[in-house]
Amino acid sequence: MAEESKPNKSGKPNKPNYQIWIVTAIVAVVVGITFFSKSGSAVVISYNRFEQMLLSSDVAKVVLVKNQDVVEVTLKTEALANAKYSKELENRGPMSLPGGPHYKFKIASIDKFINDFDEAVAKMSSDNKIGYEIVERSDFTSMFFNFGFIILMVFLFWMLMRRMTGGGGAGGQLFNIGKSKAALFDADSKVKTTFADVAGLEEAKEEVKEIVDFLKKPEKYTALGGKIPKGALLVGGPGTGKTLLAKAVAGEAEVPFFTLSGSDFVEMFVGVGAARVRDLFKQAKEKAPCIIFIDEIDAIGRSRGRGQMPGSNDERENTLNSLLVEMDGFSTNAGVIILAASNRPDVLDVALLRPGRFDRQISIDKPDIIGREAIFKVHLKPIKLKSDVDSKKLAAQTPGFAGAEIANVCNEAALIAARKNKKKVDMKDFQDAVDRVIGGLEKKNKLISPEEKKVVAYHEAGHAVAGWFLEHADPLVKVSIVPRGAAALGYAQYLPKEQFLYQTEQLIDEMCMALGGRAAEEIVFGKISTGALSDLERITKMAYSIVSVYGMNDKIGNISFHDSKQSDYNFTKPYSETTAQLIDEEVKYMVEKAYERTKKLLTKRREELNILASELLEKEVIFQQDLEELIGKRPFENQTTFEAFANGQSKKKKTGKEKIEKLKTEVKTEVEKEEEAKPASKEG
Ligand code: ADP
Ligand code: ZN
């Protein structure tokens, strides 16, 4: 999501703050009532002081307020003239009652007071003796406190409602929930992002340039009778720069930019989402030409009747309908262009993708090594760098990173360097930052016994050696056994091939590499550990995909049980019980075979395994170059250097880039999606 600042999130001028007024009013009433209440202004004294007053015969009346455990004391009129009383009574404040009570004190228990009082009175001369009254008082004050409690509850409830209906802005939200919450960047808070800030994404930029053109010179298109598109859908994973690109379009075209997230429409009140959509479009039309950017449009645009229990979410449907109505409603020449972002276009309602709505899809992929270098260059610009920082190397060391993660690495590196009081940021800081972004904070004091450390070292070495000697496995970039984060005791980072079709051998090799950790543990220690959990999870998913999704298994045949239209709540399997059994058997057989193969490989390469593990134990981190020195060159061609990669890419570009694009979206596989979710750290 956009990390840049959003001016005044609610996009509205602040209203007078009602809350403050309400709080003030409540306080004022409490103070006032306490002031006017009968004993409110009496001076508080101790029992001993009272006894002195009593013994000096200054007391006219004693009232015991039973339900409050308070005794009120009224002095004789002649005693009031006495300086020792008049001084302190003067300070009682303007509202004090001249008739008293003048003093009061709290008692621990009524019985004790009566005892003490009787004892004291017994000491007095008979004509001065006084008694006491007992009253029970439900005065205005206590009534108020009961009543006030209710007011307080109502107030708190009101606050809660405000929170739920969006908070953010000023008070009075309850009356504003139908208003759109889009943040607006208009003429004053102009969008300053331009295409220069968006690195890579050349094809996507090419596509949106047309939109910029529409916004700048609509006449050019409408004069010829053409229709300006209403919307475009930016499709890509999180952090790939969708928001950034949308903003850049607004920046280049110099038009206002409304931005909000699909989830902003989803509220607990019926009809709010639809009202917000209408309000948004009303505002936008006033500011036209302009751009509306709806982030995470899947929050409202999920296909109707899908991924939900029947009838569960009419509200979202209403919102979606009103969005469709609004999109159809304004004329194409109104100059409002809607950009929406989603990372799952497949779940979107088909109605959204129809001509006249989001009829253009612009795919934004995770950057390849060249794209990453370009993004690094953008984000390295503001950082003071030492000369050893090389954006090409950084790009090679961050496979699978999206733009947001790269921005994060650059920022972390600067922070790490600052923490060490360095004048400039060097390569080591960047490497630490990469580790940190992948694995979380380094746990310096996480206690790991030497035995455990050894197991982790062999486990990771197992992955590394297996990957090194399996032809189709991704070459390793780095192994680390520095404990990080909550779960990971170590991790290995690979350079995934930037490819979109996998052959069976490749998948099998991947599987063997993932099994390398567990196999190494068994070979070396004769025991296995729980450390392979995430490896096994991946392997199992992969194996099931191979058999039942990609039709790559001989016994099952060229059959896929994957249903791209399938709802998320589908409990019936599209195959018979026999097939289910066969699938399970085949998966089991495949994994077993892969495990045997890995064990055989690692037994043969036991020497290399030992070398790597002991090196890891000593240094904790191993890079690819070290690997070559330690166990020799990889016996296969590998594209890990920047140049080799760049060459390969440009060749590919010449040969039917279009075709590859198409295939990519069509054959995008489940396994790949898995990889994308957690590409860089195939941890073990
Ligand atoms: P998305 O909307 O796709 O989730 P964003 O556009 O919010 O991602 O990207 C988050 C941040 O990542 C941006 O603010 C920017 O700093 C960085 N970023 C992402 N992609 C790029 C890119 N292609 N060039 C430069 N910076 C990028
Ligand atoms: Zn592992």
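This report walks through a predicted model, from its zinc site to its salt bridges, one of its helices and a patch on its surface.

## The zinc site

Let us start with the metal. Which residues hold the zinc ion (ligand 2)? His-459 and His-463 each offer their NE2 atom, and Asp-535 offers OD, with distances of 2.0 to 2.1 Å. Along the chain, these donors follow the spacing H-x3-H-x71-D. His-459 sits in helix H17 (residues 450–469) and Asp-535 in helix H19 (residues 533–548), so this pair, 76 residues apart, links distant parts of the chain.

Are these two donors buried or exposed? His-459 has a relative accessible area of 3%, which means that it is buried. Asp-535 is buried too, at 2%.

## Salt bridges between distant parts

Next, look for oppositely charged partners. How many salt bridges does a search of the whole structure find? The count is 25. One of them joins Lys-123 to Glu-51, where the closest N and O atoms are 3.7 Å apart. Lys-123 is in the loop between helix H5 (110–122) and strand S5 (133–135), while Glu-51 is in helix H2 (residues 47–55), so the bridge ties together parts that are 72 residues apart in sequence. With a relative accessibility of 59%, Lys-123 counts as exposed, whereas Glu-51 is among the buried residues of H2.

Another pair to find is Asp-328 and Arg-357, whose closest N and O atoms are 2.6 Å apart. Asp-328 belongs to helix H12 (residues 314–329), and Arg-357 to the loop between strand S10 (336–342) and strand S11 (360–363), so parts that are 29 residues apart in sequence are tied together. Asp-328 is partly exposed, with a relative accessible area of 41%, but Arg-357 counts as buried at 10% relative accessibility.

## A bridge within one helix, and a network

Lys-619 and Glu-615 form a salt bridge as well, with 2.8 Å between the closest N and O atoms. Both residues are in helix H21 (residues 606–619); they are four residues apart, so about one helical turn separates them. Glu-615 counts as buried, at 15% relative accessibility.

Salt bridges can also share partners: Lys-420, Lys-422, Asp-426, Lys-428, Asp-429 and Asp-432 are joined in this way into one network.

## The two sides of helix H2

Now return to H2, the helix of Glu-51. Which residues of H2 are buried? They are Tyr-47, Phe-50, Glu-51, Met-53 and Leu-54. If you look down the axis of H2, these buried residues fall within an arc of 160 degrees, so they line one face of the helix. The face turned away from that buried side carries the exposed residues Asn-48 and Gln-52.

What do the buried residues of H2 pack against? Their partners are strand S2 (59–65), strand S3 (70–75), helix H4 (83–90), strand S4 (103–106) and H5. Just after H2, look for Ser-57, which takes a positive phi of about 55 degrees.

## A nonpolar patch on the surface

Finally, turn to the surface. Phe-147, Phe-149, Ile-150, Ile-151, Leu-152, Met-153, Val-154 and Leu-156 form a nonpolar patch there, with about 780 Å² of accessible area together. Phe-149 is a handy residue to look for: its place is in helix H6 (residues 140–164). At 52% relative accessibility, Phe-149 counts as exposed, because the cut-off for exposed is over 50%.

Key. Residues numbered from 1 in each chain as written. Chains lettered and ligands numbered in written order. Predicted model: local features only at pLDDT ≥ 70, side-chain atom pairs only at ≥ 80, totals over all residues. Heavy atoms only, no water. Donors = N, O, S within 2.8 Å, 3.2 Å for Na, K, Ca; no water. Helix = DSSP H or I, 4+ residues; strand = E, 2+ residues; numbered from the N terminus. Buried < 20%, exposed > 50% of the residue type's maximum accessible area, 1.4 Å probe, protein only. Salt bridge = Lys/Arg side-chain N within 4 Å of Asp/Glu carboxyl O. Arc of directions from axis to C-beta. Contact = heavy atoms within 4.5 Å. Patch = residues over 30% accessible without salt bridge, like charges linked within 9 Å, V, L, I, M, F, W, Y side chains within 5 Å. Areas by Shrake-Rupley, 256 points an atom, 1.4 Å probe, with all protein chains shown as cover.
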